[in-house]
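Me: I am new to this structure and would like to learn how to read it. Could you walk me through it, one feature at a time?

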Amino acid sequence: MIESHSRHGLIVISAPSGAGKSTLCGKLLEDFPARLALSVSTTSRAPRGQEQHGKEYFFTDSQDFQKRITADEFAEWALVHGNYYGTQKATLEHFWSSGRHVLLDIDVQGAASLKKLYGDRCFTVFIAPPSMEELERRLRGRGTDSEETIRKRMANAAGEMARQVEFDRIIVNEDFARARAELDQAVREFMDGQESGTWQKAP
Ligand code: ADP
Ligand code: 5GP
């Protein structure tokens, strides 16, 4: 485990696709603009739509990604839906040295890796949909995914839901305002606890 004297930590948010993770992360950044920064990951998947290099992701190819793995550049990396995704150590160090906590929107494998590496300096939150039927409704309602993608995401969702017990906190996103308030409070407690050196997960 990595020990550090920095008073800033990691807030990792995972969820099955469509549960409302991006919407909630956006609100969290609005609610704590000076204390939180969003980590931009590196990926080998191709940009989608209007995505820009350095904004949504740092885009690269599989060969370059593998080189970076060998060079030990990642705090964690995983294969998700056939593409590489990873968090660069330099990104975390950059935000910590600027006095901010880092928010990460990554998959369940990445959440487990960072928890193992950073222990109590890492707070993991799982955003769960109220039901699988509602998850499918939201994926369809978003209108950004093909039928095949929706089916793939629903098949992956079952495996992701099974791992929610590994997280420090589970928030069910049924009523949006309520889920947002719950997430805000949990994150505020974590950040305050990190900064005062008193954070401990509730038993
Ligand atoms: P994710 O990032 O987890 O894939 P999104 O944030 O894109 O999910 O949300 C998926 C869809 O569900 C979006 O259209 C969003 O507006 C909607 N949504 C999010 N939270 C709720 C909620 N509590 N109730 C109803 N719809 C929601
Ligand atoms: P998408 O391709 O839809 O942007 O993301 C697919 C999945 O990869 C999402 O679950 C997202 O949270 C996850 N992801 C994005 N960046 C990272 C990362 O750096 N590490 C890991 N482990 N997962 C990531």
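## Reading the ligands and their pocket

Reply: Happily! Let's start with one contact: a nitrogen atom of ligand 1 has a backbone N or O atom of phenylalanine 176 at 3.5 Å. Please keep in mind that the model is predicted.

Me: Which other residue offers a backbone N or O atom to a nitrogen atom of ligand 1?

Reply: When you read a contact, look at which atom takes part, backbone or side chain. Glutamate 174 also uses a backbone N or O atom, 2.9 Å from a nitrogen atom of the ligand. Arginine 138, in turn, brings an N or O atom of its side chain to 3.2 Å from a nitrogen atom of ligand 1.

Me: How much of the area that ligand 1 exposes when taken alone does the protein bury?

Reply: Here you compare the ligand by itself with the ligand in place. Ligand 1 alone exposes 570 Å², and 74% of that is buried by the protein.

Me: Which elements give two or more residues to the shell around ligand 1?

Reply: To answer that, place the shell residues on the helices and strands. Helix H1 (21–31) and helix H5 (132–142) are the elements that do so. H1 provides the largest share, three residues.

Me: What residues come nearest to ligand 1, and how does its shell divide by class?

Reply: Names and classes go well together here. There are 13 residues around ligand 1, with Gly18, Lys21, Ser22, Thr23 and Arg142 coming nearest. By class, six residues of the shell are polar, four are charged and three are nonpolar.

Me: Now for ligand 2: which of its atoms meet polar side-chain atoms of arginine 48 and glutamate 76?

Reply: Check the element at the ligand's end of each contact. Arginine 48 has a polar side-chain atom 3.1 Å from an oxygen atom of ligand 2. An oxygen atom of the ligand also lies 2.7 Å from a side-chain N or O atom of arginine 45. For glutamate 76, the partner of the polar side-chain atom is a nitrogen atom of ligand 2, at 2.7 Å. On its own, ligand 2 has 510 Å² of accessible area, of which the protein covers 91%.

Me: Which residues come nearest to ligand 2?

Reply: We can read this shell as we read the other one. Ser41, Arg45, Tyr57, Glu76 and Tyr85 come nearest among the 16 residues around ligand 2. Seven residues of this shell are charged, five nonpolar and four polar.

Me: Where does each ligand sit?

Reply: For this, we turn to the pockets. Ligand 1 sits in the largest pocket, and ligand 2 sits in the largest pocket too. That pocket holds about 1,500 Å³ of space. Its lining has 48 residues, and Lys21, Ser22, Arg48, Tyr57 and Asp105 lie nearest the centre. Elements that supply at least two lining residues each include strand S7 (101–105) and helix H6 (147–162).

Me: Is the phi of aspartate 72 positive or negative?

Reply: Start with the general rule: most residues other than glycine have a negative phi. Aspartate 72, although not a glycine, has a positive phi of about 60 degrees. You will find aspartate 72 in the loop between helix H2 (62–70) and S5.

Notes:
Residues are numbered from 1 along each chain as its sequence is written. Chains are lettered from A and ligands numbered from 1 in the order in which they are written. This is a predicted model: local features need pLDDT of at least 70, side-chain atom pairs count only at pLDDT 80 or more; totals for chains, interfaces and linings use all residues. Side-chain values use heavy atoms; hydrogens and water are left out. A residue is near a molecule or strand if one of its heavy atoms lies within 4 Å of it. A polar contact is a pair of N or O atoms within 3.5 Å; within protein, one must be able to donate a hydrogen and the other to accept it, and residues adjacent in sequence count only if both atoms are side-chain atoms. Accessible areas come from the Shrake-Rupley method with a 1.4 Å probe; for residues, only the protein chains shown count as cover. On a 1 Å grid over the protein atoms alone, a cavity is a set of points where a 1.4 Å probe fits but cannot get out, and a pocket is an open set with protein on both sides within 12 Å along at least five of seven lines; lining residues have an atom within 4 Å of a point. A molecule sits in a cavity or pocket if more than half of its atoms lie within 2 Å of its grid points. Helices (H or I, at least four residues) and strands (E, at least two) are DSSP runs, numbered from the N terminus. Ala, Val, Leu, Ile, Met, Phe, Trp, Tyr, Cys and Pro count as nonpolar, Asp, Glu, Lys and Arg as charged, and the others, Gly among them, as polar. Grid points are joined across faces, edges and corners, and a volume is the space filled by probe spheres set on the points.
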